[in-house]
Amino acid sequence: MVNFIIRRLFAMVITLFFISIISFILIELPPGSALDAEIARLQALGGNLNLSQREALEERYGVNDPIHAKYWKWISNAVQGDFGNSFQYNMPVTQLIWGRLGFSIMLAGSSILFAWLVSIPLGVYSATHRYTIPDYVITVLQFIGVAIPEFLLALVLMVTFESVGGLFSRDMETAPWSFAKFVDLLEHLWLPVIVVSAGSTAWLTRVMRANLLDVLNQQYVQTARAKGLKESKVIWKHAVRNALHPLIMTIGGVLPALIGGDVVASIVLNLPTAGPVFINALRNQDMYLAITFLMFFSLLLVIGNLIADLLLAWVDPRIRLE
Amino acid sequence: MADPVTNVETSSARQDGTDDVIQVKDLHVHFHTALGVVRALNGVSFNIPRGKVLGVVGESGSGKSITGLSIMQLVPPPGRMESGEILYKEKPDTAKPLNILSLGRHSDEMRAIRGDDISMIFQEPMTSLNPVFSVGHQIREAIMLHQNPNEDEARAQSVDILQKVGMPNPQRIARSYPHELSGGMRQRAMIAMALSCTPALLVADEPTTALDVTTEAQILELMRDLQNDIGTSIMFITHNMGVVAQMCDEVAVMYLGRIVERATVDDIFYDPKHPYTISLLRSIPRLGTNRGQKLETIKGGVPDPYTTVTGCPFHPRCPSFMPGLCDTVLPVETIIEGKDHHTVRCHLYPGSTPEQVADGDGRVTGTSGTAPNTGRAN
């Protein structure tokens with residue numbers, strides 16, 4: 001198992017390396033550079049820039065360097081933890097992203113947890129009570145959950161519960177971390193969690209139901225019954241564990257999807273997460289900020305996949321390697 | 001008619017002094033589907049003598065497996081036991097047999113019987129073990145549930161039983177997962193699991209059908225050995241007459257949810273009475289017959305399960321079909337003269353119509369299910 005993890009970590013580094021090259025090229029592709037924005041900013045401050053000053057700036061920022069030189073400059077600093085400066089905010093990228101990424105990961109983690117805690121029992125109930133009225137009710141709720149747009153659900157919930165969004169009360173927003181602030185966070189967290197996870201919860205419930213129905217037809221479920229086990233144990237021990245695979249695999253994909261996909265919800269709910277800042281960075285060609293977010297999303301994707309693989313191996317011995 | 005009909009019950013009284021571990025009486029199981037009612041079992045009555053191997057043979061859809069599952073009360077929905085009794089006698093001296101069907105499907109009493117008193121092995125060894133638990137764990141589960149809640153002792157017991165079923169390295173096998181074992185090994189593991197609590201009855205539902213012939217022979221020999229060892233009775237469901245010849249003491253032939261003939265294994269092979277049994281035996285390829293000669297088949301196919309055939313259910317395919325009788329009157333179970341253990345449901349043999357039964361002094365047990373157990377005293 002240790003061997004497997006080491007190999008996977010090695011593969012992760014290589015994957016990230018290729019992602020960095022591709023995303024760097026993509027972000028460099030559009031015409032114009034962030035320097036234009038910087039120059040515009042300096043011009044707005046007053047003072048005209050003459051050509052030599054402009055060339056000096058271009059020289060300083062390496063705008064005219066060939067792309068591989070730029071890439072090398074950026075990546076060699078990045079691996080040392082220096083991701084460059086944001087032109088937009090005029091401060092180091094590292095100062096900008098941590099807090100936002102932290103909230104994003106927390107929101108995504110809580111959403112996955114919420115989705116599992118709701119979808120597994122609901123899916124199991126739905127499968128074991130197929131074609132009964134509760135099953136139909138759950139099915140209808142699932143369709144609503146999948147179909148409703150996030151922003152609409154966010155607005156409806158905000159109006160219904162008279163919330164103004166955000167993750168903190170106004171007086172707590174800038175306060176240093178304390179237990180009271182944590183409690184305040186929990187009081188606000190549930191609404192974005194429901195908004196962000198509604199779709200995946202509904203979808204996972206459906207997957208769980210379908211999968212369990214499949215597994216319940218398997219011979220080994222009958223074997224477990226023939227052994228004299230309680231029906232609840234037959235379902236929860238022998239059947240559910242064999243139906244969990246797709247739910248576990250969701251960690252791999254859902255983690256970055258939740259972080260990237262919570263943009264709309266974050267804007268509507270006024271959340272201090274990574275999504276809105278990332279979109280802004282892309283629109284303003286704030287390339288170092290954008291590519292840093294991109295790299296972290298990629299990192300989360302590969303980590304998510306690794307976690308999913310490890311969990312799968314833990315649940316199903318057939319996947320265990322060696 | 002000179003007393004042609006005798007009571008079928010006497011055959012279960014077993015003059016040799018043994019008794020029945022299971023007695024099924026007039027069992028009806030119907031499946032209520034959206035397309036109609038499928039009558040899977042239409043009054044099945046038979047007994048499983050203690051310590052013997054009863055073979056149950058028949059085509060696909062004849063109700064063999066449903067009969068086995070009924071004894072475990074594991075008939076899947078929408079299947080329903082409409083009527084009948086399944087009497088279980090744990091020991092020869094058990095005073096009052098227990099009607100399994102009187103217990104709730106999910107009741108604690110029923111669960112205490114499953115896996116402990118009566119256990120079952122299935123056709124597909126590839127899928128009948130849970131892929132995510134080790135073989136040892138799955139055997140241990142049954143032992144801990146029924147016999148010994150101590151995990152360490154159950155662990156040792158499971159290794160013991162794996163050794164008993166001929167596993168080369170039982171400790172290692174106990175730790176391995178089903179996908180690491182071959183089909184034959186998995187079936188051995190299933191047998192180990194089924195026999196771990198030394199059941200009074202083992203229901204084996206085509207346990208060797210999915211295996212290759214060499215493995216099949218090994219598994220059959222193993223089952224035979226263990227049966228002699230433990231003294232478990234076996235209900236052996238199969239459609240393979242060769243396996244029947246090798247494994248069974250007695251045979252029940254099923255057709256469309258009824259038992260049409262019941263005899264010792266010798267009588268079935270050397271003196272079959274029911275036209276269906278005869279055709280079934282004729283359709284087996286044999287060594288030494290002319291190569292150019294066509295193999296005999298039973299003409300027609302099993303009728304649509306949603307319909308009911310009037311009269312004898314086999315009459316549309318029967319070579320000895322007698323118009324006016326076979327297609328109107330359902331034959332009752334009659335005993336072949338001079339052979340106490342040989343019963344048949346066919347109009348070719350005297351005593352097969354209800355009128356004849358009424359004329360004679362015999363009682364029809366196959367359909368009434370009310371006859372007392374005359375043989376139970378010995």
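Is B:D271 buried, exposed or partly exposed? In this predicted model, B:D271 comes out as partly exposed, since its relative accessible area is 22% and the buried class stops at under 20%. Its salt-bridge partner is B:K273, with N and O sitting 3.1 Å apart. That lysine falls on the other side of the cut-off: B:K273 has a relative accessible area of 17%, so it counts as buried. Elsewhere, shared partners link A:K227, A:K237 and B:E141 into one salt-bridge network.

That network leads straight to the contact between the chains. The size of an interface is often given as the accessible area lost when the parts come together. Here, chain A and chain B bury about 2,200 Å² between them, and carbon and sulfur atoms account for 60% of that figure. On the chain A side, the biggest losses of area to chain B belong to A:Q219, A:A226 and A:K227, which together make up 26% of what that side buries. Counting residues in the contact gives 21 from chain A and 26 from chain B.

Now for the polar side of things. Between chain A and chain B there are 12 residue pairs in polar contact, both residues being at pLDDT 80 or more, and the count of salt bridges is 2. One of these pairs the side chain of A:K237 with that of B:E141, at 2.8 Å from N to O. As for where chain A makes its contribution, α9 (219-226) and α10 (231-243) are the elements that give two or more residues to the side touching chain B.

Chain B itself carries 13 helices and 12 strands. Of its 378 residues, 56% are buried, and the accessible surface of the chain adds up to about 16,000 Å², with 52% of that on carbon and sulfur atoms. Contacts in chain B often reach a long way along the sequence: taking those between residues at least 6 apart, 65% join residues at least 24 apart.

Side chains of opposite charge can pair when their charged atoms come close. Over all chains, the tally is 18 salt bridges. A pair in chain B that spans a good stretch of sequence is B:R317 with B:E59, whose closest N and O atoms are 3.2 Å apart. B:R317 belongs to the loop between α11 (275-282) and β11 (334-335), while B:E59 belongs to the loop between β3 (53-57) and α2 (64-72), so this bridge ties together parts of chain B that are 258 residues apart in sequence. The arginine of this pair, B:R317, counts as buried because its relative accessibility is 6%.

A local counterpart is found within a helix. B:R155 and B:E151 form a salt bridge with their closest N and O atoms 3.5 Å apart. Both lie in helix α5 (residues 151-164) of chain B, and they are separated by about one helical turn because they are 4 residues apart. B:R155 is partly exposed at 37% relative accessibility, and B:E151 is likewise partly exposed at 37%.

Back on chain A, there is also a nonpolar patch on the surface. The patch is formed by A:Y131, A:I133, A:Y136, A:V137, A:V140, A:L141 and A:I144, which together offer about 760 Å² of accessible area. One of its members, A:Y131, sits in the loop between α5 (93-128) and α6 (133-147). With a relative accessibility of 54%, A:Y131 counts as exposed, the threshold for that class being over 50%.

Note on methods:
Residues numbered from 1 in each chain as written. Chains lettered and ligands numbered in written order. Predicted model: local features only at pLDDT ≥ 70, side-chain atom pairs only at ≥ 80, totals over all residues. Heavy atoms only, no water. Patch = residues over 30% accessible without salt bridge, like charges linked within 9 Å, V, L, I, M, F, W, Y side chains within 5 Å. Areas by Shrake-Rupley, 256 points an atom, 1.4 Å probe, with all protein chains shown as cover. Salt bridge = Lys/Arg side-chain N within 4 Å of Asp/Glu carboxyl O. Buried < 20%, exposed > 50% of the residue type's maximum accessible area, 1.4 Å probe, protein only. Contact = heavy atoms within 4.5 Å. Buried area = accessible area lost by both parts, 1.4 Å probe. Polar contact = N/O pair within 3.5 Å; in protein donor to acceptor, adjacent residues only side chain to side chain.
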